[in-house]
Structures are given as structure tokens and as C-alpha cells.
Amino acid sequence: ERDWSSDVCSSDLRIMGENTRTALIGIIVEDAGSVEELNQLLHQYRDYIIGRMGIPHPQKSISIISIAMEADQDTVSALSGKLGALKGVSTKTIYSK
């Protein structure tokens, strides 16, 4: 079994601290034309993203994406707001306690 703890890089240590929160952004994409912009935003925030899971739902022509993050609340809110402003994209954010 792999020991993932050795995969933490210096940028991960830089963003983790007392002022950060673990958050999950749930994303529903109903307009495939917004996917390129969505991916560009996720790339811009890559230092804060712990993991990403995308699930296509072809019967409804939508995509469901979850983004796990470790960042300060302003950074999480900024990304969620920018994603939610894209055409055909809805977001909902939850935070750990």
C-alpha cells in the first residue's frame, strides 16, 4: 500500500494553516460550452485543490463535479462565485467545522 503522506509538496504546506478550511464545491454543468472556462478557473486555483471528481450524466446531458479544497474562506468563495457565474453552471459549497 502506498504512503501518500510523502506526496505533500511545499506549496501544500504553504496553503495549510490556521486560517484555512477544508471545503467541498459541488458543481452542476448544464452548458457544455462553459467547460473550457471552468477548467481554466480550476487550473488557476490548482494550488488549493486537494482532489476533483467528475461524473457525466448523459441521460440528462449534464456533468456533476466535486472539488475538494484547502484554502481560506475568501479563496473558496471566490472560486465558487466565479464558477457559478459561468453560463449553465451551478455551485454549492460546504465547509468542514
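**Close-up views of a predicted model**

**View 1. Ser 80 sits in helix H3.** The model shown here is predicted. Ser 80 counts as buried because its relative accessible area is 10%, and the cut-off for buried is under 20%. Its side chain forms a polar contact with the side chain of Thr 91, at 3.1 Å. When neighbours within four places in sequence are left aside, the residues in contact with Ser 80 are Ile 25, Thr 91 and Thr 93. Thr 91 therefore appears both in the contact list of Ser 80 and as its side-chain polar partner.

**View 2. Helix H2, residues 35–44, has Leu 38, Leu 41 and Leu 42 as its buried residues.** These leucines lie on the same side of H2, because the arc they cover around the axis is only 100°. Glu 36 and Gln 44 are exposed and are carried on the face of H2 turned away from the buried side. The packing partners of the buried residues include four strands and one helix, listed here by element:

- strand E1 (21–29)
- strand E2 (49–57)
- strand E3 (62–71)
- helix H3 (73–84)
- strand E4 (89–95)

**View 3. Lys 87 and Asp 31 form a salt bridge through their side chains.** The N to O distance is 3.6 Å. A search of the whole structure finds one salt bridge. Lys 87 belongs to the loop between H3 and E4, and Asp 31 to the loop between E1 and H2, so the pair ties together parts that are 56 residues apart in sequence. Lys 87 has a relative accessibility of 63% and therefore counts as exposed.

**View 4. Ala 32 is placed in the loop between E1 and H2.** With a relative accessibility of 64%, Ala 32 counts as exposed. The C-alpha atom of Ala 32 is separated by 7.9 Å from that of Ile 62. Along the chain, Ala 32 and Ile 62 are 30 residues apart.

**View 5. Met 53, Ile 55 and Ile 64 make a nonpolar surface patch.** The area of the patch is about 240 Å². One of its members, Ile 55, is found in strand E2. Ile 55 counts as partly exposed because its relative accessibility is 39%, between the limits of 20% and 50%. Strand E2 is also among the elements against which the buried residues of H2 pack.

Notes:
Residues numbered from 1 in each chain as written. Predicted model: local features only at pLDDT ≥ 70, side-chain atom pairs only at ≥ 80, totals over all residues. Heavy atoms only, no water. Buried < 20%, exposed > 50% of the residue type's maximum accessible area, 1.4 Å probe, protein only. Helix = DSSP H or I, 4+ residues; strand = E, 2+ residues; numbered from the N terminus. Arc of directions from axis to C-beta. Contact = heavy atoms within 4.5 Å. Salt bridge = Lys/Arg side-chain N within 4 Å of Asp/Glu carboxyl O. Patch = residues over 30% accessible without salt bridge, like charges linked within 9 Å, V, L, I, M, F, W, Y side chains within 5 Å. Areas by Shrake-Rupley, 256 points an atom, 1.4 Å probe, with all protein chains shown as cover. Polar contact = N/O pair within 3.5 Å; in protein donor to acceptor, adjacent residues only side chain to side chain.
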